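Visitor: I have a model open on my screen and would love a friendly walk through its rings, its charges and its covered parts. Could you take my questions as we go?

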Amino acid sequence: STQEKTPQICVVGSGPAGFYTAQHLLKHPQAHVDIYEKQPVPFGLVRFGVAPDHPEVKNVINTFTQTAHSGRCAFWGNVEVGRDVTVPELREAYHAVVLSYGAEDHRALEIPGEELPGVCSARAFVGWYNGLPENQELEPDLSCDTAVILGQGNVALDVARILLTPPEHLERTDITKAALGVLRQSRVKTVWLVGRRGPLQVAFTIKELREMIQLPGARPILDPVDFLGLQDKIKEVPRPRKRLTELLLRTATEKPGLEEAARQASASRAWGLRFFRSPQQVLPSPDGRRAAGVRLAVTRLEGVDEATRAVPTGDMEDLPCGLVLSSIGYKSRPVDPSVPFDSKLGVIPNVEGRVMDVPGLYCSGWVKRGPTGVIATTMTDSFLTGQMLLQDLKAGLLPSGPRPGYAAIQALLSSRGVRPVSFSEWEKLDAEEVARGQGTGKPREKLVDPQEMLRLLGH
Ligand code: FAD
């Protein structure tokens with residue numbers, strides 16, 4: 001029968017990993033792929049992570065939408081795996097299950113004072129301005145004049161840029177109305193990005209740096225001392241890193257031209273990279289009620305290349321600020337007790353996407369590799385997982401005989417009172433968001449309340 005020939009596969013998570021894995025699996029002429037997503041809406045960090053002022057990055061949504069339109073693919077939002085349905089239940093219903101659920105946590109600083117009001121994770125801040133439902137209550141206090149971001153990666157730079165961009169430049173993006181309102185009232189004038197290591201170890205690209213350097217109304221603050229001796233070292237580093245470091249070096253040490261000098265002199269806001277500083281404590285205000293600064297240990301580098309480590313010199317420095325954003329990385333959570341999880345590395349142990357010791361279970365994206373890499377990296381990695389799965393299918397390593405797929409899961413979900421959101425229902429929400437944005441010239445005004453989304457769909 002045709003059913004016997006139809007491999008039923010499901011993917012957990014609808015970010016780039018989920019969609020790219022599905023896209024590859026659909027190369028099999030009969031495979032059917034269901035994508036389960038805990039949010040009522042698809043696309044993961046493309047919707048809830050990528051900065052609102054980088055709309056071109058979100059064009060991948062068009063490819064994902066094409067995949068979702070395939071007659072052999074279905075999207076089921078509003079279904080949280082591990083809560084609404086378990087991984088063993090999915091494994092019963094499908095020939096194979098791919099876990100692509102990303103990295104939903106942030107790495108903690110693990111220093112005293114971290115719990116003070118005025119401290120939050122960059123993850124939560126990003127979720128807040130991008131409309132992630134769980135972060136809508138964040139209400140960051142931007143009444144202070146200095147913010148400190150702990151971390152020097154691309155997420156740290158996104159956050160610094162959003163804090164310092166003149167709000168009128170964000171008006172025509174898909175940033176939420178609430179976040180834009182708070183940013184309009186912001187008094188933040190200076191943003192420090194603090195890193196334990198030096199200029200050669202920053203984890204952003206030259207494009208992202210250039211954007212910061214050219215940010216309207218803001219000037220860079222770099223300490224030339226941090227760049228001593230770097231001129232010689234950069235000769236040995238790979239070209240992209242070399243160009244990035246040269247730009248940092250020029251910005252730190254060269255006198256700007258007349259025009260740029262005038263621009264900088266009139267800038268009311270500033271951002272700076274603070275190198276060789278490791279956070280030790282968030283300092284409380286005199287009344288102990290909120291964050292008032294960060295105590296930093298001065299460091300120096302030991303070791304070479306990949307093994308370069310920051311070790312404390314014994315000197316300390318206090319950096320006063322009213323807002324502390326920790327941006328030292330995302331972290332995956334275990335999804336279900338039946339799935340092996342390496343809590344140290346924060347990934348599902350796997351060999352090329354095959355989950356160790358669990359036949360028929362696969363993983364892709366950040367939960368497979370750890371929370372680094374751009375969408376393109378995630379794509380390559382997800383195609384590879386898809387390829388391994390199809391190979392196993394061909395080799396007869398997956399269960400033979402028909403599997404019920406969604407029919408069985410639908411029955412379970414309905415008995416538990418869970419009502420999934422289909423892709424065509426998402427398209428209704430999408431149209432609503434676009435319509436709400438139209439009056440104000442925004443590409444969309446995101447719906448941020450899952451209850452409202454479900455109400456709009458008549459659930
Ligand atoms: P995710 O995109 O996180 O997708 C995981 C999905 O799984 C989510 O939709 C989540 O809701 C869902 N999920 C989680 N748990 C469950 C569960 N239990 N049941 C069901 N579903 C679940 N890359 C670029 O190329 N350009 C950029 O400009 C860029 N900017 C970024 C900005 C930020 C702030 C961040 C954090 C990342 C950025 N990236 C960027 C990187 C890019 O977002 C990632 O490479 C990519 O999103 C990883 O894909 P993923 O599918 O593994 O994870």
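Visitor: In which helix do F125 and W128 both lie?

Guide: Happy to start there, with the reminder that this is a predicted model. F125 and W128 are three residues apart, which is about one turn of the helix. The element that holds both, residues 122-129, is helix α6.

Visitor: F125 and W128 form an aromatic pair; what is its geometry: stacked, edge-to-face or tilted?

Guide: The ring centres of F125 and W128 are 5.3 Å apart, with 40° between the planes. Planes under 30 degrees apart would count as stacked and over 60 as edge-to-face. Both residues are buried. The geometry of the F125 and W128 pair is tilted.

Visitor: How many aromatic pairs does the structure hold?

Guide: The pair in α6 joins residues three apart, but another pair links distant parts of the chain. That one is F19 with F43, ring centres 5.6 Å apart and planes at 40°, so the pair is tilted. The total for the structure is 16 aromatic pairs.

Visitor: How many residues apart are F19 and F43 along the chain?

Guide: F19 sits in helix α2 (residues 16-25). F43 is in the loop between β2 (32-36) and α3 (45-48). Both F19 and F43 are buried, and both belong to one aromatic cluster with Y20, F64, F75, F383, F423 and W426. Along the chain, F19 and F43 are 24 residues apart.

Visitor: How many of the 10 residues of α2 are buried?

Guide: Helix α2 is mostly covered. Its buried residues include F19 and Y20, which are both members of the aromatic cluster. P16, H24 and L25 are also among the buried residues of α2. The number buried is nine.

Visitor: Is L170 buried or exposed?

Guide: L170 is found in the loop between α7 (154-164) and α8 (177-184). Its C-alpha atom is separated by 9.6 Å from that of L183, 13 residues apart along the chain. Buried means under 20% relative accessible area, and L170 has 0%, so L170 is buried.

Visitor: Which helix gives the largest share of the positive patch?

Guide: R210, R239, R243 and R250 gather in this patch on the surface. R250 is partly exposed, with a relative accessible area of 40%, and is found in helix α11. The largest share of the patch, three residues, comes from residues 239-253, helix α11.

Notes:
Residues are numbered from 1 along each chain as its sequence is written. This is a predicted model: local features need pLDDT of at least 70, side-chain atom pairs count only at pLDDT 80 or more; totals for chains, interfaces and linings use all residues. Side-chain values use heavy atoms; hydrogens and water are left out. Patches are made of residues with over 30% relative accessible area and no salt bridge: like charges are joined within 9 Å, nonpolar side chains (Val, Leu, Ile, Met, Phe, Trp, Tyr) within 5 Å. Accessible areas come from the Shrake-Rupley method with a 1.4 Å probe; for residues, only the protein chains shown count as cover. A salt bridge is a side-chain nitrogen of Lys or Arg within 4 Å of a carboxyl oxygen of Asp or Glu. Lys and Arg count as positive and Asp and Glu as negative; His and the chain ends are not counted. The place of a charge is taken as NZ of Lys, CZ of Arg, CG of Asp or CD of Glu. Helices (H or I, at least four residues) and strands (E, at least two) are DSSP runs, numbered from the N terminus. Buried means under 20% relative accessible area, exposed over 50%, partly exposed in between (1.4 Å probe, protein chains only). Rings of Phe, Tyr and Trp (its six-membered ring) pair if their centres lie within 6.5 Å; planes under 30 degrees apart count as stacked, over 60 as edge-to-face and the rest as tilted.
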